[in-house]
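Please read the following report alongside the sequence and the coordinates. It takes up the sheet, the ligand surroundings, a helix contact, two loop residues and the confidence of the model.

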Amino acid sequence: MSTLGLEECRGWIIQKYGGTSLGKFPKNIVDIIISTSKPQRVAIICSARSSRTKNEGTTTRLLRAAQAAASNSGSELTFQTIVDEIKDDHLQAATDINSPPLRKHFEEAVYAECQSLSRILESVREIEEVSPKTENRIISKGEKLACQYLAALLEDRGVFAQYIDLSDIIGRYDISADVSEHHLLIALAKALGQEILSCGGKIPIITGYFGNLTGGLLKTFGRGYSDLAAALVTIGIAARELQIWKEVDGIFTADPRQVPTARVIPFISPSEAAELTFYGSEVINPHTMAQVINAKIPIRIKNVMNPSLQGTYILPDPVNAIPSPEMTSFLPSEPLAVDSGSQVPKMPTAVTIKRPVIVLNLCSNRKTRAHGFLAKVFQILDRNYLLIDLIASSEVHISLALHSEHTMVSGPDDDLGGEDMTIDDKRLKKAYDELGELGSVDIVTGMTIISLVGKGLKRMTGIAGRFFGVLGDAGVNIEMISQGGASEIAISCLIADRDAEKALNLVHTHLFNFVE
Ligand SMILES: Nc1ncnc2c1ncn2[C@@H]1O[C@H](COP(=O)(O)OP(=O)(O)O)[C@@H](O)[C@H]1O
Ligand SMILES: N[C@@H](CC(=O)OP(=O)(O)O)C(=O)O
């Protein structure tokens, strides 16, 4: 495999469009691509379309269809209804394509992809199980449809676009095994660079789904995996900048949908952006930053509805990193207001909530902690694919908070073995039963994690007290606290979900409105 010559790849801008942006503002996206492609070369990565919210979007629907097929409740209609919804949604979107042949071509692609999807789901129903390989194939449909749609819209405007399906890129370049290993990711990035150059003068429209990973794309990299695809393309082509286009002006001090007074953060460090995503603000897939920042390429979050705004730059901490010439031109000339190296910052960077969260409380059946107790607890969670967000433990008691859409509300005495349980419910129920062997377990639902994020938090004396004080004064009860240790840049606590929005706004008002 030859390495790309630097001259060959200079001047590329990589743009990744999120699902809700593609679902709601495809025409804005076409305009942005056209205007960016005039002075420089541009390559596009698409997520799957979401016409309203990500929760109702194509990828979520595909995962629900897979669950419906695997749970085999006797009704073939369940998954087929979801497939039909996906089909209708894309056929409706096709009405934006003016040229009849282009529209027909896209409609045929929609029918073909949905037919293939139904066949895969039918086999899932037969064997009552979704393997990682099958899940990969199912979710890939969302990005395939979105890319073919965007390519058709560009062609409709007279722009030459090339749809690139990365479904089998890993097999094609023999990048197998555990692709999460650094050297394999870099090999993958090079392969993606080659694919893009093969498009000649056309604008590459690339699927954010990038291959049939052995362990499952979602399990390996999580939701938002198309950010990582964009990062790999950025590295593979040694691009000038990675732009992640969304429906918001950038990364805010709090979710702007829930906190009207939230402000855009002009510059943020990769670790803060990753922590914000982990604690509920789905800003960028955390695997993305490490790759691109290591390659010293700036990442920018921008708004499809407001393309002229600067957005938020994700840049390495100026103290720890030696930025490339491209990056230096983006760095602020003045020290950042949020964190300026050795100075104590004036306020945290952002506040975020993660919901819904459930808590598993386990009380060991021994009087003192038996050897291997914690190891056994974590093995059970790992076996059942349960990821823990917060932990509190004492000698014989451990509380584990996990993000969950689970409907399970109580203990094993209830009728929880029903046909209607989702795969996630089943995993939780299995973990619950296995943990029951170690002691008494109870589950508390309806909780939220609220977190303050900021790389200067550890130097802000009294910040934890002020955070908890604001919550306490408002009568918000705190169930569990995590500070320092695991994460030096976040302070988190668990509160009742009914208090989430009130708490978020109060914390933002009291801790983010510093006046000089
Ligand atoms: N701190 C934050 N800054 C910006 N957006 C945030 C933040 N916390 C949560 N969000 C939410 O994240 C979403 C990001 O934008 P969106 O365009 O919906 O993403 P996608 O790329 O998945 O389509 C928005 O809905 C916004 O409300
Ligand atoms: N479509 C995938 C991958 C992705 O990147 O999504 P988004 O860009 O909409 O966050 C998902 O929903 O997880």
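## Strand β5 and its neighbours

In this predicted model, strand β5 (residues 241-246) runs parallel to strand β7 (residues 299-303), and five bridges join the two. Within this pairing, glutamine 243 has arginine 300 in β7 as its bridge partner. Strand β5 also pairs with strand β1 (residues 12-17), again in the parallel sense and over five bridges, and here tyrosine 17 is matched with tryptophan 245 in β5. Five of the six residues of β5 are buried, so that the strand is mostly covered under the criterion of 20 or more other C-beta atoms within 10 Å.

These pairings belong to an open sheet of eight strands with mixed pairing, in which the order is β3-β4-β2-β1-β5-β7-β8-β6. The edges are taken by β3 (161-164) and β6 (267-268), each of which has a single partner strand, so one side of each is left without a neighbour in the sheet. In a regular strand, side chains alternate between the two faces of the sheet.

## Surroundings of ligand 1

The shell around ligand 1 is made up of 20 residues, and the closest of them are Gly18, Lys246, Glu247, Asp255 and Ser281. Two elements, α2 (19-24) and β9 (350-364), are those that give two or more residues to this shell, and the largest share, three residues, comes from α2. By class, the residues around ligand 1 divide into eight nonpolar, six polar and six charged.

## Surroundings of ligand 2

Around ligand 2 there are 13 residues, with Gly19, Ser47, Thr59, Arg223 and Ser226 as the closest. Helix α11 (residues 225-236) gives the most to this shell, contributing three residues. The composition of the shell around ligand 2 is two nonpolar, eight polar and three charged residues.

## Contact of helices α4 and α6

Two packed helices are described by the angle between their axes and the distance between the axes. For helix α4 (residues 58-71) and helix α6 (residues 100-127), the axes come within 6 Å and cross at roughly 35°. On the α4 side the contact involves Ala65, Ala66, Ala69 and Ala70, which meet Leu121, Val124 and Arg125 in α6. Six of the residues in this contact are nonpolar, none is polar and one is charged.

## Two loop residues

How exposed or buried is proline 345, given its count of other C-beta atoms within 10 Å? Proline 345 lies in the loop between α14 (325-328) and β9, and because 19 other C-beta atoms lie within 10 Å, where 20 or more would make a residue buried and 12 or fewer exposed, proline 345 is partly exposed. Although proline 345 and glycine 456 are 111 residues apart in sequence, their C-alpha atoms are 5.8 Å apart in space.

Glutamate 129 is found in the loop between α6 and α7 (132-156). Glutamate 129 has 13 other C-beta atoms within 10 Å and is therefore partly exposed, since 12 or fewer would be needed for the exposed class. Between glutamate 129 and lysine 219 there are 90 positions in sequence and 16 Å in space, taken from C-alpha to C-alpha.

## Whole chain and confidence

The protein chain contains 18 helices and 14 strands, and 45% of its 516 residues are buried. Of the contacts in the chain with a separation of 6 or more, 75% are between residues 24 or more positions apart.

The average pLDDT of the protein chain is 85, and 85% of the residues score at least 70, while the predictor gives the complex an ipTM of 0.96 and a pTM of 0.85. Two stretches call for caution. Over residues 1-9 the pLDDT stays under 50, and the model has nine contacts beyond four places in sequence for them; over residues 407-420 the pLDDT likewise stays under 50, with 16 such contacts in the model. Where pLDDT is low, the predicted coordinates should not be read in detail.

Conventions. Residues numbered from 1 in each chain as written. Chains lettered and ligands numbered in written order. Predicted model: local features only at pLDDT ≥ 70, side-chain atom pairs only at ≥ 80, totals over all residues. Near = placed C-beta within 6 Å. Helix = DSSP H or I, 4+ residues; strand = E, 2+ residues; numbered from the N terminus. Nonpolar A, V, L, I, M, F, W, Y, C, P; charged D, E, K, R; others polar. Contact = placed C-beta atoms within 7 Å. pLDDT = per-residue confidence, 0-100. Pairing = 2+ DSSP bridges. Axes fitted to C-alpha atoms, helices over the stretch in contact; angles between N-to-C directions.
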